[in-house]
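Here are some notes to help you find your way around this structure. Keep the view open as you read, and take the points in order.

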Amino acid sequence: MTLALGCIADDYTGASDLANTLTRAGLRTVQTIGVPADDLALPEVDAVVVSLKSRSIGAGLAVSRSRAAETWLRSRGAGHVLFKICSTFDSTDVGNIGPVMDALRADCGEAAVLVTPAFPETGRTVYQGNLFVGAVPLNESSLKDHPLNPMRDSNLVRVLARQSRTQIGLVDLATVTRGADAVRARVAELAGKGIGAAIIDAVFDRDLETIGLVAAQHRLSVGASGIGLGLARALVSTGKIKSTAASGGPGAAVGGPAACLAGSCSQATLHQIASAERAMPVLHLDPDRILTGVGEAQRALDWASPRLAEGPVLIASSATPDQVAALQARHGRDAAGHAIEQTMADIAENLVKSGVRRLVVAGGETSGAVVDRLRIPGFLVGAEIAAGVPVLRAVGGTSGDMLLALKSGNFGGPEFFSDALGLMR
Ligand SMILES: Nc1ncnc2c1ncn2[C@@H]1O[C@H](COP(=O)(O)OP(=O)(O)OP(=O)(O)O)[C@@H](O)[C@H]1O
Ligand SMILES: O=C(O)[C@@H](O)C(=O)CO
């Protein structure tokens, strides 16, 4: 297998978002969980997205895991590696986007790396280096209250400069609009000044196509699914890859009980849970009981057990920003996040043991904890449920034939949980 594109995603929902984008653009794509073991039988593909859970861990660990993924991808022939980050640039002043970018850049000798989280299909656009989420700048969006990495500065040149050892430049929209040659010239100018990375503006998919044409000639880029789209279209339009019709088909039905787990506290997820109350039984976990270790997972399993034969259920820890802040004040941010993620993993593991074969998980960190616990080594991409969220079919592993959907916190329409289950037969 010789890869045309190698990708390293800093969380699992982000990886499935990217795998979905690449598949829809005609690349045969597989999503692996961590660096694949040598004995994992992978189909013949154009792109591999290695999913890491490296967004909210220590920067040193994020760097070493990303480097291991890069080594594997390059050894499979990947000439270009995309480091997939969140379209809302989720990170803190100590990383991990900057440190990982710096390390991968040093490894491949890239003079100046193009960086953009733009993903217009989901309302993420970048103008003059400022990230917009829908109609508002990042720092005015609900991301300012994210439980793990509150985003309070929308100027990404500044944000990345605080995290990186290199200077950060800007390739503005006027340059992008003038086309690939203008972008190349600007990147060369920045590199000539010793500027090692540049935020590049993008508002429409056509901007990302221009960026993709330039990036595809480099060894490394950093961004969200939008730049993935640009790279994929460039690889197809320049004949490096023969486009394959997106799979998207239903595949064999797996049947059996279905469940949804939500650990995301995003506004979108909170609305989706409220809608789901009209469609299925919903259990709201008590986060204080989780933090004090009084058997909240068992309470959830006892609640779910008699209901699963009747139809899907939803179990959620999600809470409003005020409630999240209060819990974190009582127990600490990391301890709260970790304990809730592990409880979600306990619940998932036991649901699967009791026969659940269709599982929807909301939240990147939450999905990471759940998929790790289920020891699923990889996924094939199926139908698209919503922008950035495909149905995934587990490959390898011991949990048997399973369908999952891993929803990024902010993605999906109001009826997301029912929409997902409708496609997961
Ligand atoms: N009630 C709660 N109080 C505090 N923290 C919570 C609560 N419920 C969940 N959490 C934690 O909040 C974090 C949510 O992050 P997660 O990545 O799962 O969702 P997200 O950030 O909305 O999704 P994405 O990363 O895909 O955008 C997790 O660490 C989770 O354990
Ligand atoms: O880019 C996004 O917004 C998502 O794929 C994601 O990474 C959320 O965790």
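1. **What you are looking at.** This is a predicted model. The protein chain has a mean pLDDT of 95, and 99% of its residues reach 70 or more. For the complex, the predictor gives an ipTM of 0.98 and a pTM of 0.95. As a general caution, predicted coordinates should not be read in detail where pLDDT is low.

2. **Two domains.** A good first step is to colour the chain by domain: domain 1 covers 5–237 and domain 2 covers 258–423. Taken over C-alpha atoms, their centres are separated by 27 Å. Domain 1 puts 29 residues into the contact, and domain 2 puts in 30 residues.

3. **The domain 1 side of that contact.** Two elements, α1 (12–24) and β2 (29–33), each supply at least two residues of the side of domain 1 that touches domain 2. The largest share is that of α1, with 9 residues. By type, this side of domain 1 divides into 9 nonpolar, 13 polar and 7 charged residues.

4. **Ligand 1.** Where does ligand 1 lie with respect to domain 1 and domain 2? Both domains give residues to the shell around ligand 1, so it lies between them. The shell holds 27 residues, and the closest are S264, G337, G363, G364 and G409. If you sort the shell by type, you find 9 nonpolar, 15 polar and 3 charged residues.

5. **Helices around ligand 1.** Three helices are worth picking out here: α12 (321–331), α13 (333–353) and α14 (364–374) each supply at least two residues of the shell around ligand 1. Of these, α13 gives the most to the shell, with 4 residues.

6. **Ligand 2.** The second ligand also draws on both parts of the chain: domain 1 and domain 2 each give at least three residues to the shell around ligand 2. The residues around ligand 2 are D11, T13, G14, D17, C86, S87, T88, A224, S225, G364, G388 and S408. Helix α1 comes up again here, since the largest share of this shell, 3 residues, comes from α1. The shell around ligand 2 divides into 2 nonpolar, 8 polar and 2 charged residues. Look out for G364 as you go, as it is among the residues around ligand 2 and is also one of the closest to ligand 1.

7. **An enclosed helix.** Why can helix α7 (residues 205–215) be called largely enclosed by the rest of the structure? The reason is that 8 of its 11 residues are buried. Those buried residues are D207, L208, T210, I211, G212, L213, V214 and A215. Their cover includes the strands β5 (113–116), β10 (197–200) and β11 (220–223), along with the helices α5 (173–177), α6 (180–192) and α8 (225–237).

8. **A covered strand.** Strand β12 (residues 258–262) is mostly covered, with 5 of its 5 residues buried. In a regular strand, side chains alternate between the two faces of the sheet. Here A258, C260 and A262 point one way from β12, A259 and L261 point the other way, and all are buried.

9. **Partners of β12.** Which strands does β12 pair with? One is β15 (residues 358–362), which runs parallel to β12 and is joined to it by 5 bridges. Within that pairing, L261 has V361 as its bridge partner. Another is β14, also parallel to β12, with 4 bridges between them. There, A259 stands opposite V313.

10. **A small open sheet.** For contrast, turn to the antiparallel sheet of 3 strands, which is open and ordered β6-β7-β8. Strands β6 (124–127) and β8 (136–137) stand at the edges with a single partner strand each, so one side of each is left without a neighbour in the sheet. Between β7 (residues 130–133) and β8 there are 2 bridges, and F132 has P137 in β8 as its bridge partner.

11. **An exposed glycine.** Finally, find G311 in the loop between α11 (296–307) and β14 (313–316). Is G311 buried or exposed? With 12 other C-beta atoms within 10 Å, G311 is exposed. G311 and A279 are 32 residues apart in sequence, while their C-alpha atoms are 9.8 Å apart in space.

Notes:
Residues are numbered from 1 along each chain as its sequence is written. Chains are lettered from A and ligands numbered from 1 in the order in which they are written. This is a predicted model: local features need pLDDT of at least 70, side-chain atom pairs count only at pLDDT 80 or more; totals for chains, interfaces and linings use all residues. A residue is near a molecule or strand if its C-beta atom, placed from the backbone, lies within 6 Å of it. Ala, Val, Leu, Ile, Met, Phe, Trp, Tyr, Cys and Pro count as nonpolar, Asp, Glu, Lys and Arg as charged, and the others, Gly among them, as polar. Domain bounds come from an automatic or database domain assignment. A residue is buried if 20 or more other C-beta atoms lie within 10 Å of its own, exposed if 12 or fewer, and partly exposed in between; C-beta atoms are placed from the backbone. Two residues are in contact if their C-beta atoms, placed from the backbone, lie within 7 Å. Two strands pair if DSSP finds at least two bridges between them. pLDDT is the predictor's confidence in each residue, from 0 to 100.
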